[in-house]
Amino acid sequence: MTVAPSAVYGVPPGPVDLRIATGGSGQSGLLEALAKAFIQFCVDFKGVQPFLVEWYKSDTTFSIENLGNQVADVGITYHAVAEQTAWDDGVIDRVAYAWRDHWMLVGPTDNPAELPENDQSTIYSLLTRLFRAMEKMKHSPRPIKFLSRYDKSAGNIVESLLWASIGQVPWADTPNAWYHMSSKFPFEAIQEAANKGEYTITDKGTYLAVDDETRDKLRVFAEGKDDENDPLLNPAHVLVGKLANNKERANEFVEWIGLEHGGQQVIKDFQKNGMVLYSTIPANVDPLDRTPPTPM
């Protein structure tokens with residue numbers, strides 16, 4: 001079965017030299033900025049003819065599947081355990097840190113759960129308070145709800161881990177009056193949560209890149225920081241498929257994205273609504289365990 005790309009970057013009729021599978025960064029526009037800058041870098045410094053880069057829209061789980069099925073050459077994903085499994089299974093043969101995004105807990109501006117709005121509350125404390133408020137109001141005419149993407153995406157996985165960390169597994173209690181399962185991509189999910197007045201976990205890149213009307217309906221209650229131990233840190237990793245069609249170009253992309261004046265400069269400069277969406281990569285961090293490697 002042939003899978004059509006969600007977008008093609010570059011100037012036709014050049015050949016397709018790179019196929020990238022990922023989700024949110026494609027929707028935010030970062031992937032387009034990276035692809036165009038990488039093409040120009042290869043033309044200027046590698047002496048190659050202009051080529052095309054295809055984007056295949058998929059979340060972390062399906063991005064890895066796309067690598068295994070040779071739909072894509074490179075995947076940009078957000079879950080170290082899934083990436084380690086792909087490595088162990090021989091689906092990928094290279095992993096590198098790409099950038100840092102950050103998870104956020106957002107909800108309606110009227111804040112019916114009365115969550116505190118300060119930096120002192122942990123995400124676990126906030127979810128516990130939210131759970132109690134939703135349970136209390138679940139039989140009322142206007143129940144308080146939480147929207148889960150429920151699609152095996154990195155967002156769905158981290159949200160599930162956060163709920164489990166406070167001893168709750170709302171997806172196991174069906175039907176559940178307050179746990180709204182919606183298998184949509186990041187932009188569509190946050191728009192649905194905003195329009196329905198629901199709380200949700202989203203990423204900062206999506207929150208800042210989505211339309212103003214959506215963002216104006218939401219309030220931020222928690223946001224990840226650039227701390228490798230922060231449960232709301234959302235590190236993006238770039239993977240090379242073992243069966244990539246153009247292995248040379250895929251590896252060049254991985255090398256370039258880590259360069260201070262290459263991909264990292266594009267990430268540092270990328271903005272929406274006057275705000276920088278992502279952080280550049282930290283030094284000396286293994287993408288698969290998020291801890292500094294042991295010095296040799």
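# A walk from helix α1 to the cavities and cores

Start by selecting glutamine 27, which you will find in helix α1. You are looking at a predicted model, so keep that in mind at each stop. Is glutamine 27 buried or exposed? With a relative accessible area of 17%, glutamine 27 is buried, because the cut-off for that class is under 20%. Now show its surroundings: setting aside residues up to four places away in sequence, glutamine 27 touches Trp55, Lys57, Phe185, Pro186, Phe187 and Glu188.

**The two domains**

Next, colour the chain by domain. Domain 1 takes in 7-101 + 234-276, and domain 2 takes in 102-223. Place a marker at the C-alpha centre of each domain and you will have two points 29 Å apart. How many residues are in contact between domain 1 and domain 2? On the domain 1 side there are 18, and they meet 20 residues of domain 2.

**The largest cavity**

Keep the domain colours on and turn to the empty spaces. The structure holds 3 cavities of 30 Å³ or more. The largest has a volume of about 170 Å³. To centre your view on this cavity, select Gly24, Tyr78, Arg149, Ala154 and Pro186, which lie nearest its centre among the 20 lining residues.

Which elements should you highlight around the largest cavity? Try α1 (24-28), α3 (60-68), β5 (92-108) and α6 (154-165), since each of these supplies at least two residues of the lining. Colouring the lining by class gives 6 nonpolar, 10 polar and 4 charged residues. Why does the largest cavity lie between the domains? Domain 1 and domain 2 both give residues to its lining, so that is where this cavity sits.

**The second largest cavity**

Move on to the second largest cavity, which contains about 60 Å³ of space. For its lining, select Trp103, Arg149, Gly155, Pro186, Ala189, Ile190, Thr200, Ile201, Thr202 and Asp203. You have met Arg149 and Pro186 already, at the largest cavity. Two elements to show here are α7 (186-196) and β8 (199-203), each supplying at least two of the lining residues. The largest share, 4 residues, comes from β8. By class, this lining has 5 nonpolar, 3 polar and 2 charged residues.

**The nonpolar cores**

Hide the cavities and bring up the buried nonpolar side chains. The largest nonpolar core has 68 residues, and those with the most contacts inside it are Trp99, Leu105, Leu130, Phe146 and Trp163. Both domains give residues to this core, so it lies between domain 1 and domain 2. Apart from it there is another core, of 10 residues, including Val71, Ala72, Ile92 and Leu239.

Now zoom in on leucine 105. What is leucine 105 in contact with, leaving aside its neighbours within four places in sequence? Light up Leu115, Ile123, Leu126, Leu127, Phe146, Thr200, Ile201, Arg219, Val220, Phe221 and Ala222 to see the full set.

**Helix α3 and glycine 241**

Go back to α3 and pick two residues there. Glutamate 65 lies in this helix, and so does asparagine 66. Glutamate 65 is partly exposed, at a relative accessible area of 37%, whereas asparagine 66 counts as buried at 15% relative accessibility.

Draw distances from both to glycine 241. Glutamate 65 and glycine 241 are 176 residues apart along the chain, and their C-alpha atoms are separated by 9.9 Å. For asparagine 66 and glycine 241, the separation is 175 residues in sequence and 8.9 Å in space, C-alpha to C-alpha. While you are at asparagine 66, show what it touches beyond residues up to four places away in sequence: Ala21, Ser58, Val71 and Ala72. Val71 and Ala72 are also among the residues of the 10-residue core.

**Backbone stops**

Finish with the backbone. Most residues other than glycine have a negative phi, and most peptide bonds are trans. Glutamine 70, in the loop between α3 and β4 (74-77), has a positive phi of about 65 degrees although it is not a glycine. At 38% relative accessibility, glutamine 70 counts as partly exposed. Asparagine 273, in the loop between β11 (271-272) and β12 (275-276), has a positive phi as well, near 55 degrees.

For the last stop, select proline 12 and proline 13. A cis peptide bond joins the pair, with omega at about 15 degrees. Proline 13 is found in the loop between β1 (7-9) and β2 (16-22).

Conventions:
Residues numbered from 1 in each chain as written. Predicted model: local features only at pLDDT ≥ 70, side-chain atom pairs only at ≥ 80, totals over all residues. Heavy atoms only, no water. 1 Å grid on protein atoms, 1.4 Å probe; cavity = no way out; pocket = protein on both sides within 12 Å on 5 of 7 lines; lining within 4 Å. Points joined across faces, edges and corners; volume = space filled by probe spheres on them. Nonpolar A, V, L, I, M, F, W, Y, C, P; charged D, E, K, R; others polar. Domains from an automatic or database assignment. Core = buried A, V, L, I, M, F, W, Y, C linked by side-chain atoms within 4.5 Å. Buried < 20%, exposed > 50% of the residue type's maximum accessible area, 1.4 Å probe, protein only. Contact = heavy atoms within 4.5 Å.
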